[in-house]
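Dear colleague,

Please find below the structure I agreed to pass on to you. My notes on its interior and helix packing follow.

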Amino acid sequence: MADAIYESFKAQDPANATPRIRAWVDETVKMATCIASVQLLMGIFAAPRFREKVLQKAPSREAVFDLLDRYLAVAASDQWADGSSAPRTIEPTRQIRALLETWEFRLDVPEPIVQVARAWLAADEIPEPPEGWDEWPGLDVVPQFELPEQPSRGGP
């Protein structure tokens with residue numbers, strides 16, 4: 001994706017298509033992918049029907065922790081405009097990370113994780129679907145998900 005964005009910029013303004021701009025595009029795409037992946041992860045934790053649709057196997061513990069740690073670094077940075085929801089998601093991200101420390105990473109997600117995921121989505125200004133999180137079937141088209149899965153349906 002970064003290649004396409006940079007090449008489009010370069011075609012429109014070749015004089016300013018510097019290595020610095022390329023690095024900025026790469027960093028911006030990485031940051032946006034991280035944010036979108038955490039949003040998707042929280043939706044998966046929050047909505048059981050969506051979780052069943054998306055996950056055939058529980059996500060990798062290491063990948064989830066890596067993603068949440070990267071997200072915390074992004075959310076805690078000072079690059080957000082006033083009113084951004086990112087700083088409001090820091091505490092729910094920390095809470096869910098702490099809850100995940102004791103979870104066995106099965107497809108059945110404990111209720112405290114579900115509730116904190118829903119609180120995270122609310123903090124990120126993602127409204128509860130009209131049918132409620134328990135009945136929400138999820139997105140019609142699921143974006144590419146960053147987390148590798150571990151090979152088990154019932155547990156590690």
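**Nonpolar core and helix packing**

The largest nonpolar core (buried Ala, Val, Leu, Ile, Met, Phe, Trp, Tyr and Cys residues joined through side-chain atoms within 4.5 Å; buried means under 20% relative accessible area, with a 1.4 Å probe and protein chains only) has 38 residues, and M42, F45, L68, Y71, I96 and L100 have the most contacts inside it. At least two residues of this core come from each of α2, α3, α4, α5 and α6, and α2 gives the most, with 9 residues. Helices are DSSP runs of H or I, at least four residues long, numbered from the N terminus.

This is a predicted model, in which local features need pLDDT of at least 70 and side-chain atom pairs count only at pLDDT 80 or more, while totals for chains, interfaces and linings use all residues. Residues are numbered from 1 along each chain as its sequence is written, and side-chain values use heavy atoms, with hydrogens and water left out.

Leaving aside residues up to four places away in sequence, Y71 touches C34, I35, V38, A86, T89, T93 and W120 (contact means heavy atoms within 4.5 Å). Y71 is also among the α4 residues that meet α2, where the α2 side includes C34, I35, V38 and M42.

The buried residues of α6 are I113, V114, V116, A117, R118, W120, L121 and A123. What covers them includes α2 (19-46), α3 (48-54), α4 (61-76) and α5 (90-101). After α6 comes E125, with a positive phi near 65°.

Yours sincerely

Terms used: Buried means under 20% relative accessible area, exposed over 50%, partly exposed in between (1.4 Å probe, protein chains only).
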